[in-house]
Amino acid sequence: MKLFESRFDAAQELATALAKYRGRNSLVLAIPRGAVGMGKLLAEELNGELDVVLVRKLRAPFNPELVVGAIDETGWSYIADHAAQAGADEAYLEGEKRVQLQTLHKRRQQYTPSRSPVDPKGRIVIVVDDGLATGASMIAALHSARERQPQRLICAVPVAAPESLERVRPLADEVVCLVAPEDFYAVGQFYREFPQVEDEEVIALLAHPPQQDSTK
């Protein structure tokens, strides 16, 4: 089983896999919180720009660890096929969406209080996360990015559950995944170090975005 030393080790490998986009004014959209540090490294390596794409998982009733969908900042949502079976009926989902939208609005104010989101229109956009378990967050993130008319939309992850990878593949122009093992259980099992990332770290990373280097 392949193990990444850390998220940054994984981001370095992704940067190598995405090297053809170096110097092409790419926009790296990281899914908070875990992927923001990865996104910064990718943007630096590709001489691109960093921003976040904000999405939230929708949780099953009585089992917040079970994901039944995801929502983006506009209120668009992806609902998984198993949602109803997990007890997430329409009334429950409407309430859960409201809760998660409030969190998204709060995070936008925390993360980028002094500016609007970077416009991806007409640009090469790379959406990065530290892994795909259900794929729900990436589905919402790719939909959010696609709505803003990028020239090319790329999904980039170090590791994914094979079925989740196939679920997101139609939503991107290109999918870059370093490993998709059949014995996938959780994203963290493929990292030696997989610490929790706090809001303060995300805020600091976004306050000091990578500088584009014309020599690269």
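## The β3-β4 hairpin

In this predicted model, strands β3 and β4 are joined by six bridges and pair in the antiparallel sense. Together β3 and β4 form a hairpin, with two residues between the strands. One residue of the turn, Phe62, has a positive phi of about 70°.

Individual residues show how the two strands are matched. Ala60 stands opposite Asn63 in β4, and Leu58 stands opposite Gly69 in β4.

## The β4-β5 hairpin and the antiparallel sheet

Strand β4 also pairs with β5, which comprises residues 77-79; this pairing is antiparallel and has three bridges. Ile71 stands opposite Ser77 in β5. The strands β4 and β5 form a hairpin with four residues between them. In the turn of the β4-β5 hairpin, Gly75 has a positive phi of about 100°.

The two pairings belong to an open sheet of three strands, in the order β3-β4-β5, with antiparallel pairing. Strands β3 and β5 are the edge strands, since each of them pairs on one side only. On average, neighbouring strands of this sheet are turned by 40° against each other, direction ignored. Helix α3 packs on the sheet and touches β3, β4 and β5; the direction of α3 makes about 150° with that of β3. Helix α4 lies across β3, β4 and β5 as well, and runs at about 10° to β4.

A general point helps in reading any sheet. In a regular strand, side chains alternate between the two faces of the sheet.

## The parallel sheet

A further open sheet contains five strands in the order β2-β1-β6-β7-β8, and here the pairing is parallel. Which strands stand at the edges of this sheet? They are β2 (49-52) and β8 (174-179); each has a single partner strand, so one side of each is left without a neighbour in the sheet. Neighbouring strands of the five-stranded sheet are turned by 20° against each other on average, direction ignored.

Strand β1, residues 27-30, runs parallel to β2 and is joined to it by four bridges. The bridge partner of Val28 in β2 is Leu50. Helix α2, which spans residues 36-46, packs on this sheet. The strands that α2 touches are β1, β2, β6 (124-128) and β7 (152-159), and the direction of α2 makes about 160° with that of β2.

## Packing of α1 and α2

Two packed helices are described by the angle between their axes and the distance between the axes. For α1 (residues 7-17) and α2, the angle is about 35° and the axes are 9 Å apart. The crossing in which α1 passes α2 is right-handed.

On the side of α1, the contact is made by Arg7, Phe8, Ala10, Ala11, Gln12, Leu14 and Ala15. On the side of α2, the contact is made by Gly37, Met38, Leu41, Leu42, Glu45 and Leu46. What is the chemical character of the residues in the contact of α1 with α2? Nine are nonpolar, two are polar and two are charged.

## The loops on either side of α2

The loop between β1 and α2 contains Arg33. A cis peptide bond, with omega of about 5°, joins Pro32 and Arg33. Arg33 and Val52 are 19 residues apart in sequence, and their C-alpha atoms are 9.2 Å apart in space. With neighbours within four places in sequence left aside, Arg33 is in contact with Arg107, Tyr111, Gln196, Val197, Glu198, Asp199 and Val202.

The loop between α2 and β2 contains Asn47. Although Asn47 is not a glycine, it has a positive phi of about 55°.

## The largest pocket

The largest pocket holds about 1100 Å³ of space. Its lining consists of 34 residues. Which of these lie nearest the centre of the pocket? They are Pro32, Lys57, Glu65, Val67 and Ser137. Pro32 is also a partner in the cis peptide bond with Arg33.

Four elements give two or more residues to the lining of the largest pocket: β3 (55-60), β4 (63-72), α3 (90-111) and α4 (136-146). The strands β3 and β4 are those of the hairpin with two residues between its strands. In chemical terms, the lining of the largest pocket divides into 16 nonpolar, nine polar and nine charged residues.

Key. Residues numbered from 1 in each chain as written. Predicted model: local features only at pLDDT ≥ 70, side-chain atom pairs only at ≥ 80, totals over all residues. Heavy atoms only, no water. Pairing = 2+ DSSP bridges. Axes fitted to C-alpha atoms, helices over the stretch in contact; angles between N-to-C directions. Contact = heavy atoms within 4.5 Å. Left-handed = near helix turned anticlockwise from the far one by under 90°. Nonpolar A, V, L, I, M, F, W, Y, C, P; charged D, E, K, R; others polar. 1 Å grid on protein atoms, 1.4 Å probe; cavity = no way out; pocket = protein on both sides within 12 Å on 5 of 7 lines; lining within 4 Å. Points joined across faces, edges and corners; volume = space filled by probe spheres on them.
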